Amino acid sequence: MYIGIDVGGTNLKAGLVDEAGTILATERVPLDFQGPEAFAKTLAELAGKLLRDGVKWVGMGLPGAVNGGDVLFTTNIPMENVPLGKLFRQHLDLPLLLGNDADCAAAGEFFGGAGKGSQDFAIVTLGTGVGVGLILNGRLRGGMTSSEAGHMVISQDGERCNCGRRGCWERYASATGLIQQTKRAMEAHPESALHRFSARGGVEGRTAFQAAEAGDETALAVCRQYVDYLASGLANLVNALRPEVVAIGGGVSAAPERLLLEPLREAVERESFSRHGGRNTKILPAELGNDAGIIGAAMLGRVL
């Protein structure tokens, strides 16, 4: 058995996971960061609530850069060059394995979701940014070799990304990018049903797809352009790595298949040259939802 911890924006969620990738029990506590030492203690106490005989390690996924048991840098939790694994073992004598959130999502889907049965697998998560987790020949490209494919350029001299470059895939294919594209379309088309679908909760990643489902032409154009942006980077990824399966996760992935995954598959197949080498990459929806982080963190020791 293993323990996996998923570090979210507001909570720490932990689960006891068996060899098959099934969550047996869960615990959660609010995220209240009071420094690395206190954070390590909180993690150990959270894991301790799930501890059973036979637990081999604790894995943890967080949004940031890691290497072994060290946190190199995180954004939403102010840590830089922190030996978190060492601090953790002062409170609980088990190895703490670290992965970024996309790597953990990849590990979770690889063992219990869309990537099950594959050896070369990728997950693309569409949220605030574009996260990419890679498992090649059954091993995770994690730690200092984690993918930053969201920052490949798909539009030379395009819009400026938060990373400082211009034209990054993340700038166009993230939920953040989709929201911006939707707002621009609304400004240009005051008659569009997009205004009706955004009236209650504001513009979200799903707004364009909801209006498109209702038949709004402006929304349909936004969705088609968004899929083209997504396909452009995904075709690059497929051409470079030729994975057996790519899973699409994150909030945007819940869009209707006929508006997202079906045209995405067509566009990637059209732009991908890897099919000529005898491998046709499957593009599938991620299956584990919010459980992927816990399961993947728990399974880190089996793919590192």
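# A tour of helices, rings and salt bridges

Helix H3 is mostly covered, with ten of its twelve residues buried. The model on screen is a predicted one.

**Stop 1: helix H3**

Select residues 101-112, which make up H3. How far apart are the end C-alpha atoms of H3? They are 16 Å apart, which agrees with the span of 16 Å that twelve residues should give at 1.5 Å a residue.

Colour the buried residues next: Ala102, Asp103, Cys104, Ala105, Ala106, Ala107, Gly108, Glu109, Phe110 and Phe111. To see what covers them, show the strands E4 (58-62), E8 (96-100), E9 (121-126), E10 (130-136) and E11 (139-140), which are among the covering elements. Helix H10 (292-298) is also included in that cover.

Now go to the N-terminal end of H3, where Asn100 acts as the cap. A side-chain oxygen of Asn100 lies 3.1 Å from the backbone nitrogen of Ala102.

**Stop 2: aromatic pairs**

The count of aromatic pairs comes to five. Stay on H3 for one of them: the ring centres of Phe110 and Phe111 are 5.3 Å apart and the planes stand at 85°, so this pair is edge-to-face. Phe110 is buried, at a relative accessible area of 10%. Phe111 is buried as well, at 16%.

Then select Tyr172 and Tyr229, an aromatic pair with 4.8 Å from centre to centre and 45° between the planes, which is tilted. Which helices does this pair link? Tyr172 belongs to helix H4 (residues 169-173) and Tyr229 to helix H8, and the two residues are 57 residues apart. Tyr172 counts as buried at 7% relative accessibility, whereas Tyr229 is partly exposed, with a relative accessible area of 22%.

**Stop 3: helix H9**

Select residues 261-271 for helix H9, and pick out its buried residues, Leu261, Leu264, Ala267 and Val268. These buried residues cover an arc of only 125° around the axis, which puts them on the same side of H9. Turn to the other side of H9 and Glu266, Glu269 and Arg270 are exposed.

What covers the buried residues of H9? The cover includes helix H8 (217-241), strand E12 (245-249) and strand E13 (282-285).

**Stop 4: salt bridges**

The salt bridges number eight. Begin with Lys13 and Asp6, which form a salt bridge with their closest N and O atoms 3.8 Å apart. Asp6 is buried, with a relative accessible area of 15%.

Move to Glu19 and Arg302, whose side chains meet in a salt bridge at 3.6 Å, N to O. Glu19 is in the loop between strand E2 (11-17) and strand E3 (23-30), and Arg302 is in the segment after H10, so the pair ties together parts 283 residues apart in sequence. Glu19 is partly exposed, with a relative accessible area of 39%. Arg302 also counts as partly exposed, at 30% relative accessibility.

Next select Arg184 and Glu159, a salt bridge of 2.7 Å, N to O. Arg184 lies in helix H5 (residues 175-188) and Glu159 in the loop between E11 and H4, so this pair ties together parts 25 residues apart in sequence. Arg184 is partly exposed, its relative accessible area being 40%.

To finish, add Lys56 to the selection of Glu19 and Arg302: salt bridges that share partners join these residues into one network.

How values were computed: Residues numbered from 1 in each chain as written. Predicted model: local features only at pLDDT ≥ 70, side-chain atom pairs only at ≥ 80, totals over all residues. Heavy atoms only, no water. Helix = DSSP H or I, 4+ residues; strand = E, 2+ residues; numbered from the N terminus. Expected span 1.5 Å × (residues − 1). Buried < 20%, exposed > 50% of the residue type's maximum accessible area, 1.4 Å probe, protein only. Contact = heavy atoms within 4.5 Å. Polar contact = N/O pair within 3.5 Å; in protein donor to acceptor, adjacent residues only side chain to side chain. Arc of directions from axis to C-beta. Phe/Tyr/Trp six-rings, centres within 6.5 Å; stacked < 30°, edge-to-face > 60°. Salt bridge = Lys/Arg side-chain N within 4 Å of Asp/Glu carboxyl O.
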